[in-house]
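Trainee: I would like to go through the labels attached to this model and see what each one rests on. Can we take them one at a time?

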Amino acid sequence: MGKRDIPGAFEQAMLVAIMRLRDNAYGVPLRRELSERLGRDVSYGAIYTTLERMEQKGFVSSREGGATDQRGGRAKRYYKVEAPGRMALAAAHEATAKLWDGLPDGALA
Amino acid sequence: MSGWDKEMKGIFDRRGRLSDKEFSRLSRQQRWIYRTPVLKSIFIANAFAMATLLLGIGSLARAIAIAAGNLARRLEARAARVRPGVPRLAETILLLVLPRRLRRSVPGDLQEQLFEDSDRWGLGRARMLYWQEVARYVLKAMGSFLRYGIVAWLLHRTSV
């Protein structure tokens with residue numbers, strides 16, 4: 001797996017959020033989940049730009065789903081993490097673990 | 001309707017099925033009508049016509065009630081779809097910068113968010129947040145426009 005295939009911090013957060021939300025991973029719950037987990041406001045622009053980039057890399061796939069009156073009759077776009085996305089996330093997790101490995105206790109104190 | 005007519009109607013409402021005892025109580029004229037198939041049919045047909053008319057009126061009234069109910073539901077659904085509050089100008093600007101494949105999901109998400117925010121903070125603040133999201137989206141689009149040029153941006157915008 002090349003360097004470019006390792007997802008960035010926001011991409012990792014997005015992949016985890018999609019996996020957490022399972023069948024309900026579309027814009028509004030994704031934004032709520034990310035804002036809560038990251039502790040900051042996340043814009044839809046950032047979410048969809050990242051999702052599009054990850055879709056191009058093959059990390060996620062999307063499909064159009066149901067619409068509700070509350071959405072003005074517009075369809076939701078549901079996202080799902082694909083095998084390359086899971087592999088990339090595992091690689092990122094491993095890389096982070098290696099980075100922290102061997103750091104003496106109290107180093108951050 | 002005369003007494004005689006009522007009596008005949010009573011007889012033929014039972015579709016002409018009379019017992020011997022009942023038949024023996026009929027007058028000569030009544031027996032003559034009862035035995036003449038054409039006249040008997042007319043009486044029976046009248047009874048059927050009356051019943052059909054009543055059923056028809058009932059069905060028509062029911063159909064009108066159902067149609068009125070459907071119309072009310074449709075109007076209610078339309079009112080829900082075009083709930084006041086979504087800033088139309090902001091939505092139009094958003095649609096201009098969105099790629100084709102996201103032109104339904106992103107405005108839908110923003111609208112859903114607007115209703116959530118308006119319940120939480122009121123419509124004024126919710127509309128302001130809607131505008132803020134659109135502005136962020138436009139800035140992102142302008143960024144890619146400046147970075148990749150107009151052709152790449154247009155290709156991206158029209159991508160399916």
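Mentor: Start with the second largest pocket, keeping in mind that this is a predicted model. The second largest pocket has 15 lining residues, and R31(A), D41(A), Q113(B), R120(B) and W121(B) are the ones nearest its centre. Its space comes to about 290 Å³.

Trainee: Which elements give two or more residues to the lining of that pocket?

Mentor: They are α2 of chain A and, from chain B, α6 and α7.

Trainee: What makes the largest cavity a cavity and not a pocket?

Mentor: In a cavity a 1.4 Å probe fits but cannot get out, whereas a pocket is an open set of points. The volume of the largest cavity is about 50 Å³, and the structure holds one cavity of 30 Å³ or more. Its lining consists of R31(A), L110(B), Q113(B), L114(B), D117(B), A126(B), L129(B), Y130(B) and E133(B). Two elements of chain B, α6 (105-121) and α7 (123-148), give two or more residues each to that lining.

Trainee: R31(A) is named for the cavity and for the pocket. What joins R31(A) to D41(A), E133(B) and R136(B)?

Mentor: Salt bridges that share partners put R31(A), D41(A), E133(B) and R136(B) into one network. Over all chains, the structure holds 17 salt bridges.

Trainee: How do you know that R37(A) and E33(A) form a salt bridge?

Mentor: The N to O distance between their side chains is 3.0 Å, and the criterion is within 4 Å, so the pair qualifies. Both residues belong to helix α2 (residues 27-38) of chain A, where being four residues apart separates them by about one helical turn.

Trainee: Are R37(A) and E33(A) buried or exposed?

Mentor: R37(A) has a relative accessible area of 55%; exposed means over 50%, so R37(A) is exposed. E33(A) is at 13%; buried means under 20%, so E33(A) counts as buried.

Trainee: What makes the salt bridge of R101(B) and E55(A) a link between two chains?

Mentor: R101(B) sits in the loop between α5 and α6 of chain B, and E55(A) in helix α3 (residues 44-57) of chain A, so the pair joins two chains. Their side chains meet at 3.2 Å, N to O, against a limit of 4 Å. R101(B) has a relative accessible area of 19%, which is under 20%, so R101(B) is called buried.

Trainee: How far apart are the closest N and O atoms of E112(B) and R71(A)?

Mentor: They are 2.8 Å apart, and the two residues form a salt bridge. This pair also crosses between chains: E112(B) is in helix α6 of chain B, and R71(A) is in the loop between β1 (60-67) and β2 of chain A. E112(B) is buried at a relative accessible area of 7%, and R71(A) counts as buried at 0%.

Trainee: Why is K76(A) said to have no salt bridge?

Mentor: The nearest side chain of opposite charge is that of E112(B), 4.9 Å away. A salt bridge needs a nitrogen within 4 Å of a carboxyl oxygen, so K76(A) has none, though K76(A) is buried. K76(A) lies in strand β2 (residues 75-81) of chain A. Among the contacts of K76(A) beyond four places in sequence are Y26(A), R63(A), R71(A), S105(B) and E112(B).

Trainee: Why is Y44(A) called buried?

Mentor: Y44(A) has a relative accessible area of 1%, and buried means under 20%, so the label follows. Y44(A) is in helix α3 of chain A. Outside four places in sequence, Y44(A) touches residues including R31(A), L110(B), Q113(B) and E133(B). Y44(A) and R31(A) are 13 residues apart in sequence, with their C-alpha atoms 7.1 Å apart.

Trainee: What puts the buried residues of α5(B) on the same side of the helix?

Mentor: The buried residues in helix α5 (residues 88-97) of chain B are A90(B), E91(B), L94(B) and V97(B). They cover an arc of only 125° around the axis, which places them on the same side of α5(B). On the other side, L89(B) and L96(B) are exposed.

Conventions: Residues numbered from 1 in each chain as written. Chains lettered and ligands numbered in written order. Predicted model: local features only at pLDDT ≥ 70, side-chain atom pairs only at ≥ 80, totals over all residues. Heavy atoms only, no water. Buried < 20%, exposed > 50% of the residue type's maximum accessible area, 1.4 Å probe, protein only. Lys, Arg positive; Asp, Glu negative; His and termini not counted. Contact = heavy atoms within 4.5 Å. Arc of directions from axis to C-beta. 1 Å grid on protein atoms, 1.4 Å probe; cavity = no way out; pocket = protein on both sides within 12 Å on 5 of 7 lines; lining within 4 Å. Points joined across faces, edges and corners; volume = space filled by probe spheres on them.
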